[in-house]
Amino acid sequence: MNYADWYTDRVDIYRVRNYADGALTRQERVKVAEDIPCRIYRNKTNVPRMQPTAAYSENVDDKLACANSVDIRAGDELHIYRGRGLGHVDQKIRAFAGEPAHFYEPFGAVIPGLAHQELALLQKEYLDAEVEDDGVW
């Protein structure tokens, strides 16, 4: 059994980069990796919360697993496509990465192929009942 066989989701990774604009240093969010195999582990789904101006949804119990070779850093913006590895996308998730925890293959492992990294995800989205699904985050 290979842990990579479980990666039915895909993720695009965005990172803030500095660039020079004359005498100023500005920041922009750029895509640094695309269509990376991964898997979301959802512990529970939280109900929307209401505020005077908007409703929002917040999930902090989800985790993402992927290969150790993937360069994901704390604070990276992740666009996760559930089921894309199986040929369909049922759900799109925008989240921010926590600190990765790497798990390496022990010498003489009984079940080889389990090396991976896991990171906690932060999702906090304001909900809009009239949002059109046009691919824009």
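Let's start with Glu77, which is buried, with a relative accessible area of 8%. Keep in mind that this is a predicted model.

**Glu77 and its partners**

Where does Glu77 sit in the fold? The residue belongs to strand 6. One of its charged partners is Arg29, and the two form a salt bridge in which the closest N and O atoms are 2.9 Å apart. Arg29 is part of strand 2 (residues 24-41) while Glu77 is in strand 6 (residues 77-82), so this pair ties together parts of the chain that lie 48 residues apart in sequence. Arg29 itself counts as partly exposed, at 38% relative accessibility.

Arg94 also forms a salt bridge with Glu77, with 3.0 Å between the closest N and O atoms. Here the arginine comes from strand 7 (residues 91-97), so the bridge to strand 6 ties together parts 17 residues apart in sequence. Arg94 is partly exposed, at 25% relative accessibility. The Glu77 and Arg94 side chains also show up as a polar contact, again at 3.0 Å.

There is another polar contact to look at: the side chains of Glu77 and His79 are joined at 2.7 Å. If you set aside neighbours within four places in sequence, Glu77 is in contact with Asp12, Ile13, Tyr14, Arg29, Arg94, Ala95 and Phe96.

**Salt bridges elsewhere**

How many salt bridges turn up in the whole structure? A search finds 10. As a general point, side chains of opposite charge can pair when their charged atoms come close. Away from Glu77, Arg73 and Asp71 meet through their side chains in a salt bridge, at 3.2 Å from N to O. Both ends are partly exposed: Arg73 has a relative accessibility of 44%, and Asp71 comes in at 38%. These two residues also belong to a network of salt bridges that links Arg15, Asp71, Arg73 and Asp76.

Here are three of the bridges side by side:

| Salt bridge | N to O distance |
|---|---|
| Arg29 and Glu77 | 2.9 Å |
| Arg94 and Glu77 | 3.0 Å |
| Arg73 and Asp71 | 3.2 Å |

**The overall fold and its core**

What is the chain built from, helices or strands? It has zero helices and nine strands, so to speak an unbroken run of β elements from the N terminus on: β-β-β-β-β-β-β-β-β. Of the 137 residues, 31% count as buried. Look at the contacts with a separation of 6 or more, and 60% of them are between residues 24 or more positions apart.

In soluble globular proteins, nonpolar side chains tend to be buried together. In this model, the largest nonpolar core has 17 residues, and those with the most contacts inside it are Ile13, Leu64, Ile72, Leu78, Ile80, Leu119 and Leu121. Which strands each supply at least two residues of this core? They are strand 1 (9-21), strand 2, strand 5 (63-66), strand 6, strand 7 and strand 9 (116-127). Strand 2 gives the largest share, four residues.

Ile13 is worth a closer look. Leaving out neighbours within four places in sequence, Ile13 is in contact with Val30, Lys31, Val32, Ala33, Ile36, Val70, Asp71, Ile72, Asp76, Glu77 and Leu78. That list takes in Ile72 and Leu78, which are also among the core residues with the most contacts. It includes Glu77 too, the buried residue we began with, along with Asp71 and Asp76, both members of the salt-bridge network.

**Thr8, Arg84 and the rings**

Thr8 is found in the segment before strand 1. Is Thr8 buried or exposed? It is buried, with a relative accessible area of 18%. The Thr8 side chain makes a polar contact with the side chain of Arg39, at 3.3 Å. Not counting residues up to four places away in sequence, Thr8 touches Cys38, Arg39, Gly83, Arg84, Gly85 and Leu86.

Arg84, one of the residues touched by Thr8, lies over the face of Tyr81, at 3.9 Å from the ring centre. As for ring-to-ring pairing, a search of the whole structure finds zero aromatic pairs.

How values were computed: Residues numbered from 1 in each chain as written. Predicted model: local features only at pLDDT ≥ 70, side-chain atom pairs only at ≥ 80, totals over all residues. Heavy atoms only, no water. Salt bridge = Lys/Arg side-chain N within 4 Å of Asp/Glu carboxyl O. Buried < 20%, exposed > 50% of the residue type's maximum accessible area, 1.4 Å probe, protein only. Polar contact = N/O pair within 3.5 Å; in protein donor to acceptor, adjacent residues only side chain to side chain. Contact = heavy atoms within 4.5 Å. Core = buried A, V, L, I, M, F, W, Y, C linked by side-chain atoms within 4.5 Å. Phe/Tyr/Trp six-rings, centres within 6.5 Å; stacked < 30°, edge-to-face > 60°. Lys NZ or Arg CZ within 6 Å of the ring centre and 35° of its normal.
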